[in-house]
Protein chains: 2
Amino acid sequence: MRVRDCCPPLVDAPLAPADAERLAHAFAALADPVRLRLLSLVAAAGEVCSCDLVEPLDKAQPTVSHHTKVLAEAGLIVGEKRGRWVWWRVVPDVVDDIHRALGSAAGASATSTH
Amino acid sequence: MRVRDCCPPLVDAPLAPADAERLAHAFAALADPVRLRLLSLVAAAGEVCSCDLVEPLDKAQPTVSHHTKVLAEAGLIVGEKRGRWVWWRVVPDVVDDIHRALGSAAGASATSTH
DNA sequence: AACACGCATTGACAACCATCGATTCGTCTG
DNA sequence: CAGACGAATCGATGGTTGTCAATGCGTGTT
């Protein structure tokens, strides 16, 4: 699921229900500590094999597989199968989109009432 | 719950479990379409009374009260009681903190693998 | 071909969550 | 003080989710 081209900064104008639904899905993918650490591991290393995620995350293999699937369906990471291993990378565009939806002018919005 | 002073950009280095827990709570507050629209309404208007949220959100009053409570506990909005009404404002600092945790350098991190 | 290995899927279970009717609490008004 | 009104709390309910053991599926190795 892509976030790009769907969600204007939520501080600018009331969010349309459909946009809110999509954005909520994106945030839901980030709303789990295991997934945040997983994403962080992949982002920091640039590329990580699934087999190298089980130990640092301290979760069973099916659990890690579940979380990579959720992040991949949110478009935040992509997996490439090389031999028997799957290598994961972050998709910076999508992270940027969520970043942008939060509003780069976050600090400027509510100052209008002061 | 504050996010400030707790969460380095997750793209820079592997997230500590405790930081991941706190960040996950913040994202969880944003992981609901009703809450996103609520936050958007408040942000766009600058200040909104609870009674003016029920109709545009099309939710029962206890449901709206529940969502404002979740957003307030996440530190994203604050309510001020004036007479019988409660007026809500966004807390731009906290929105900025989450913004920052996502990594302003989101697009710069994974470029190393290209 | 037979085996080992990495990963995905399934099924089950417990915990959590969104929603709303009913009720309660606090505040204003007559 | 009594009634009205806005908002928070409580209880119940249906749905979602994180977790892992067991299993299935490709792929590489011997």
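Let's start at the DNA backbone: a phosphate oxygen of DNA strand C is 3.5 Å from a polar backbone atom of S50(A). On the other chain, a polar backbone atom of A60(B) lies 3.2 Å from a phosphate oxygen of this strand, and a polar side-chain atom of H66(B) is 3.1 Å from a phosphate oxygen of DNA strand C.

A quick word on the source: this is a predicted model, where local features need pLDDT of at least 70 and side-chain atom pairs pLDDT 80 or more, while totals for chains, interfaces and linings use all residues. Side-chain values use heavy atoms, without hydrogens and water, residues are numbered from 1 along each chain, and chains are lettered from A in the order written.

So who surrounds DNA strand C? There are 22 residues, each with a heavy atom within 4 Å of the strand, and C51(A) and R35(B) are among the closest. Of the strand's atoms within 4 Å of the protein, 68% belong to sugar or phosphate.

Now the protein interface. Contact here is heavy atoms within 4.5 Å, and 41 residues of chain A meet 41 of chain B that way. The two chains bury about 3400 Å² between them, 76% of it on carbon and sulfur atoms; that is accessible area (1.4 Å probe) lost on being put together, summed over both parts. L36(A), H99(A) and L102(A) supply 17% of what chain A buries against chain B.

How many salt bridges cross this interface? The rule, a side-chain nitrogen of Lys or Arg within 4 Å of a carboxyl oxygen of Asp or Glu, finds zero between chain A and chain B.

Key
A polar contact is a pair of N or O atoms within 3.5 Å; within protein, one must be able to donate a hydrogen and the other to accept it, and residues adjacent in sequence count only if both atoms are side-chain atoms.
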